[in-house]
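User: I would like to go through this protein with you. Could we begin with the surface and then work inward?

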Amino acid sequence: NTLFNALLNNEDFRKLDFSNVKLVMGGGMAVQKPVADRWQEVTGSIIYEGYGLSETSPVASFSVYGEEPREGSIGKPIPGVEMKLINDDWSDVEAGPDAVGEIAIKGHNIMKGYYDRPEATAEAIKDGWFRSGDLAKKDDEGFYYIVDRSKDMIIRGGYNVYPREIE
């Protein structure tokens with residue numbers, strides 16, 4: 001959001017010719033719909049979003065090129081990569097529209113481990129699955145939506161409260 005907003009608010013940027021722009025990609029944080037809409041209005045191009053971490057070298061999922069991106073979605077796993085939602089004990093989260101779990105990623109892009117940190121590696125990787133620390137939901141079509149970071153979640157009166165929702 002920050003970079004796209006900065007560019008959109010720059011008068012010289014808005015005067016540029018965008019006719020040769022074929023693909024615009026974003027990552028790091030979800031692009032808000034008003035920003036994406038304004039970007040498309042100014043440049044004529046859609047922002048496609050991806051998701052990954054240093055440990056996933058660096059992309060694990062991406063919007064589906066050629067389809068209208070889904071607001072708030074980090075897309076689907078890229079070819080050769082699997083993603084699923086897990087509980088704290090590594091068990092799979094039961095499917096459902098409100099099911100939230102930690103994103104686990106498996107594929108050719110996953111790191112071998114943390115250098116000289118076997119305990120940290122064992123905590124992060126099990127049977128080839130890497131736990132991301134990010135909490136998400138998954139829709140019926142396989143698109144993932146980040147809810148928050150697992151370490152940031154607040155439990156209040158038995159309910160999970162996600163700082164991102166409050167923000």
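Analyst: Accessible area here is computed by the Shrake-Rupley method with a 1.4 Å probe. Please note that the model is a predicted one.

User: How much area does the protein expose, and what share of it do carbon and sulfur atoms supply?

Analyst: The protein exposes about 10600 Å². Carbon and sulfur atoms supply 50% of that area.

User: What percentage of the residues count as buried?

Analyst: The protein has 167 residues, and 36% of them count as buried.

User: How many helices and strands are there?

Analyst: The secondary structure consists of five helices and eleven strands. Among contacts with a separation of 6 or more, 49% are between residues 24 or more positions apart.

User: Turning to the interior, which residues of the largest nonpolar core touch the most other members?

Analyst: They are Y51, I74, M83, I103, I105 and F130, in a core of 19 residues. Two or more residues come from each of strand 5 (81–86), strand 6 (101–107), strand 8 (129–138) and strand 9 (144–149).

User: Which strand gives the most?

Analyst: Strand 5 does, with three residues.

User: And what is F130 in contact with, leaving aside neighbours within four places in sequence?

Analyst: With those neighbours set aside, the contacts of F130 include L53, E55 and T56, as well as I103, A104 and I105. I110, M111, Y114, A124 and I125 are also in contact with F130. A second, separate core has nine residues, including L8, F13, F18 and W39.

User: L53 came up there. Where does L53 lie?

Analyst: L53 lies in the loop between strand 2 and strand 3.

User: Is L53 buried or exposed?

Analyst: L53 has a relative accessible area of 16%, so this residue counts as buried. Leaving aside neighbours within four places in sequence, L53 is in contact with P58, I105, F130, S132 and D134. L53 and S132 are 79 residues apart in sequence, yet their C-alpha atoms are 7.8 Å apart in space.

User: Which residue in that loop, other than glycine, has a positive phi?

Analyst: S57 has a phi near 45°, a positive value in a residue that is not glycine. S57 lies in the loop between strand 2 (47–51) and strand 3 (61–62).

User: What about W90, and what is its phi?

Analyst: W90 is not a glycine either, and its phi is positive at about 75°. This residue lies in the loop between strand 5 and strand 6.

User: Why does W90 count as buried?

Analyst: W90 counts as buried because its relative accessibility is 18%, and the cut-off for buried is under 20%.

User: Changing topic, how many cavities of 30 Å³ or more does a search of the whole structure find?

Analyst: The search finds one. The largest cavity holds about 50 Å³ of space.

User: Which residues line the largest cavity?

Analyst: The lining is formed by S63, V64, E67, E68, P69, R70, S73, G75 and F143.

User: And how does that lining divide by class?

Analyst: The lining of the largest cavity has three nonpolar, three polar and three charged residues.

Key. Residues are numbered from 1 along each chain as its sequence is written. This is a predicted model: local features need pLDDT of at least 70, side-chain atom pairs count only at pLDDT 80 or more; totals for chains, interfaces and linings use all residues. Side-chain values use heavy atoms; hydrogens and water are left out. A nonpolar core is a set of buried Ala, Val, Leu, Ile, Met, Phe, Trp, Tyr and Cys residues joined through side-chain atoms within 4.5 Å. Buried means under 20% relative accessible area, exposed over 50%, partly exposed in between (1.4 Å probe, protein chains only). Helices (H or I, at least four residues) and strands (E, at least two) are DSSP runs, numbered from the N terminus. Contact means heavy atoms within 4.5 Å. On a 1 Å grid over the protein atoms alone, a cavity is a set of points where a 1.4 Å probe fits but cannot get out, and a pocket is an open set with protein on both sides within 12 Å along at least five of seven lines; lining residues have an atom within 4 Å of a point. Grid points are joined across faces, edges and corners, and a volume is the space filled by probe spheres set on the points. Ala, Val, Leu, Ile, Met, Phe, Trp, Tyr, Cys and Pro count as nonpolar, Asp, Glu, Lys and Arg as charged, and the others, Gly among them, as polar.
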